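Have your viewer open and your selection tool ready. Let's walk through this one together, stop by stop.

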Amino acid sequence: MRSVLPILTVLIAIVALWYAAAVKLNSTWTYDQAARAGTEVTFGALVKDTLAQERPVLPAPHQVAKGLWDGLFGQAFTSKRSLVYHGWVTLSATLLGFAIGTVLGIALAVGIVHNRAMDMSVMPWAIASQTIPILAIAPMIIVVMNSLGLQGLIPKSIISAYLSFFPVVVGMVKGLRSPDAMQLDLLRTYNASAADVLLKLRLPASLPYLFASLKVGVAASLVGAIVGELPTGAVAGLGARLLSGSYYGQTVQIWAALFAAAIVAAGLVMLIGAVERATLSRMGLER
Amino acid sequence: MSRVVSPGWILAAVLAAGAALVDVRVSALLALWLGAWFVNAQIAGGRGRLSRWLVPAIFGLAVLALWELAVRVFGISPVILPAPSAIAARIAASLPVLWADFVQTALKGALSGYLLGCGAAVLTAILIDRSPFLQRGLLPVGNFVAALPIVGIAPIMVMWFGFDWQSKAAVVVVMVFFPVLVNMVAGLKASEPMQRDLMATWNASYWQTLWKLRFPAALPFLFNGLKIATTLALIGAIVAEFFGSPIVGMGFRINASIGQLSLDMIWAEIAVAALAGSAFYGLVAFIERRVTFWHPSQRRQ
């Protein structure tokens with residue numbers, strides 16, 4: 001807990017910088033207005049005006065906080081203006097895709113560990129695919145699915161699944177191979193079957209690796225769901241809020257959606273972290 | 001050879017025969033797949049450098065052939081899935097366009113942002129190196145930010161820096177900054193106390209120790225961050241173009257081609273993106289091998 005003070009200092013410094021930047025960036029508009037009205041602006045009036053504009057270049061932190069608060073609690077959760085509604089649209093696609101991607105990823109990793117041909121065929125591609133900007137195909141998946149009659153949740157989840165799939169495969173293969181030769185030999189002396197080795201040694205040993213990749217995977221899933229909402233023309237979801245905000249110059253809306261996405265991401269990562277700590281400490285694997 | 005005729009293969013053969021009863025076309029695809037798999041299973045049994053390359057190559061070619069065959073025998077519409085041959089034809093026909101998009105997105109947007117962002121991150125890491133207080137504060141924040149969906153700042157950057165590549169570079173700067181920062185700070189801690197003590201007994205100054213011991217020791221960590229950042233840079237540059245761009249660029253082309261339902265163009269752009277991403281990663285990995293040749297992970301096995 002001794003790092004609370006440094007973290008707070010850094011956060012306060014960020015907020016202070018943010019306010020300074022907001023005054024600086026929004027001042028052009030204030031000066032223009034004043035020049036048109038033929039008046040001079042004092043520094044006090046400048047600060048006051050720049051921090052309370054309708055469509056600022058950079059909204060001040062308290063404006064974003066207000067936008068976020070209004071979006072979260074200002075209206076009914078089912079309203080189209082509610083960030084809870086849009087957040088849920090994105091979150092449900094993220095979670096469904098993440099679950100699919102994780103299950104498929106673990107299955108493929110188990111196959112890779114047990115079959116040499118599969119390992120040599122698939123593994124180089126799985127690793128190479130991590131260097132490819134897979135996200136670029138997201139709009140195409142959405143549109144193709146749309147022309148096949150699939151809309152809404154499923155296409156976005158497919159993108160999310162695709163993005164979380166490869167980190168899980170690579171991490172799980174590493175994890176399933178983490179038991180050392182001594183442990184594998186011991187199970188051989190017990191005449192354990194391949195299924196026993198998998199269930200009783202490899203899977204438990206792979207859990208720390210699994211959780212590490214789950215954290216990467218869930219963050220990628222969320223990005224996939226958000227980007228998946230862009231090409232359908234801003235219907236619902238946090239990505240749609242970002243896009244419509246950028247269409248209409250509603251900067252506060254963009255920032256509020258951005259922070260909502262950040263909260264969702266942080267919540268998901270922390271949730272996995274909590275499950276990780278609980279599981280690993282129960283298994284005595286905690287570092 | 002008895003291992004080859006395992007229950008799995010018998011099952012697969014039965015499956016193929018059963019599929020033939022339902023639809024002859026399915027069994028043709030299955031036969032192709034099983035044939036390629038059989039060859040791979042044979043090669044994978046042996047060891048050697050050649051099979052390490054051959055097996056994934058056969059797998060990749062089999063997937064391409066399967067794709068081509070499936071599109072042809074099932075007559076899949078090109079607005080759903082174009083055949084690889086159609087994509088190749090499209091790439092060959094529109095090389096100038098693809099090159100212009102590559103220059104706009106990969107070189108101007110991604111690469112300039114990557115260099116700026118990584119440079120800023122390394123400098124920041126060195127600046128906060130002397131202050132454990134700042135490190136304890138910045139590292140959790142940096143780790144936290146690295147997990148956030150940072151691509152979301154793209155509309156803001158487009159608003160600030162305009163439609164051209166500058167806004168894409170700005171998104172890339174923010175995206176690559178934190179992974180590189182976190183890795184570089186960890187790297188600067190990587191030298192052993194014994195080594196640092198040795199430098200102290202030689203009366204080395206802070207900067208001498210930094211330059212001659214700690215910076216080289218940090219390089220493996222730094223390159224780890226730099227490699228993660230290559231992918232992020234391309235993703236950031238492409239996705240930022242979805243929020244507004246001039247009429248050139250990979251993200252723009254993907255978005256515009258969706259409207260025209262010319263999926264072969266999208267696949268062509270994806271092929272270019274894949275090539276650019278792999279080449280970028282490969283280049284950084286190559287530099288890493290030359291610069292950190294002394295590190296255990298770079299030694300020949």
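What follows is a tour of a predicted model, from domains to helix contacts.

**Stop 1: the domains**

Start by colouring chain A by its domain assignment: residues 4-57 form domain 1 and residues 83-283 form domain 2. Put a marker at the C-alpha centre of each, and you will find the two domains of chain A 40 Å apart. Now do the same for chain B, where the assignment gives domain 1 as 7-76 and domain 2 as 90-298. Here the C-alpha centres lie 38 Å apart.

**Stop 2: two helices within chain A**

Next, select residues 83-114 of chain A, which are helix 4, and residues 251-283, which are helix 11. Their axes come within 11 Å and cross at roughly 50°. An angle from 35 up to 65 degrees is neither roughly parallel nor roughly perpendicular, so helix 4 of chain A is oblique to helix 11 of chain A. Turn the view to look through the pair, and the crossing is right-handed.

Which residues of helix 4 of chain A meet helix 11 of chain A? Show Leu83(A), Gly87(A), Thr90(A) and Leu91(A) from helix 4, then Ala256(A), Ala257(A), Ala260(A) and Val264(A) from helix 11. By class, this contact has six nonpolar, two polar and no charged residues.

Stay with helix 11 of chain A for a moment. At 1.5 Å a residue, its 33 residues should span 48 Å, and the C-alpha atoms at its ends are indeed 48 Å apart, so the two agree. Then step just past the helix to Gly284(A), which takes a positive phi of about 75°.

**Stop 3: where the chains touch**

Now show both chains together. In the contact between them, 45 residues of chain A face 50 residues of chain B. On the chain A side, at least two residues each come from helix 1 (4-37), helix 5 (116-128), helix 6 (138-147), helix 9 (194-228), helix 10 (238-248) and helix 11. That side of chain A has 35 nonpolar, nine polar and one charged residues.

**Stop 4: helix 1 of chain A on helix 6 of chain B**

Select helix 1 of chain A with residues 132-146 of chain B, which are helix 6; the axes come within 7 Å and cross at roughly 70°. That angle makes helix 1 of chain A roughly perpendicular to helix 6 of chain B. From helix 1, display Pro6(A), Ile7(A), Thr9(A) and Val10(A). Their partners in helix 6 of chain B include Phe133(B), Arg136(B), Gly137(B) and Val141(B). The residues of this contact divide into eight nonpolar, two polar and one charged.

**Stop 5: helix 5 of chain A on helix 3 of chain B**

For the last stop, pair helix 5 of chain A with helix 3 of chain B, residues 49-74. How close do their axes come, and at what angle do they cross? They come within 8 Å and cross at roughly 80°, so the two helices are roughly perpendicular to each other.

Show Met120(A), Ser121(A), Val122(A), Pro124(A) and Trp125(A) on the chain A side, meeting Arg52(B), Val55(B), Pro56(B), Phe59(B) and Gly60(B) on the chain B side. This contact has seven nonpolar, two polar and one charged residues.

Terms used:
Residues are numbered from 1 along each chain as its sequence is written. Chains are lettered from A and ligands numbered from 1 in the order in which they are written. This is a predicted model: local features need pLDDT of at least 70, side-chain atom pairs count only at pLDDT 80 or more; totals for chains, interfaces and linings use all residues. Domain bounds come from an automatic or database domain assignment. Axes are lines fitted to C-alpha atoms, for helices over the stretch in contact, and angles run from 0 to 180 degrees between N-to-C directions. Helices (H or I, at least four residues) and strands (E, at least two) are DSSP runs, numbered from the N terminus. Angles under 35 degrees count as roughly parallel, over 145 as roughly antiparallel, 65 to 115 as roughly perpendicular and the rest as oblique. A crossing is left-handed if the near helix is turned anticlockwise from the far one by less than a right angle, and right-handed if clockwise. Two residues are in contact if their C-beta atoms, placed from the backbone, lie within 7 Å. Ala, Val, Leu, Ile, Met, Phe, Trp, Tyr, Cys and Pro count as nonpolar, Asp, Glu, Lys and Arg as charged, and the others, Gly among them, as polar. The expected span of a helix is 1.5 Å times one less than its number of residues.
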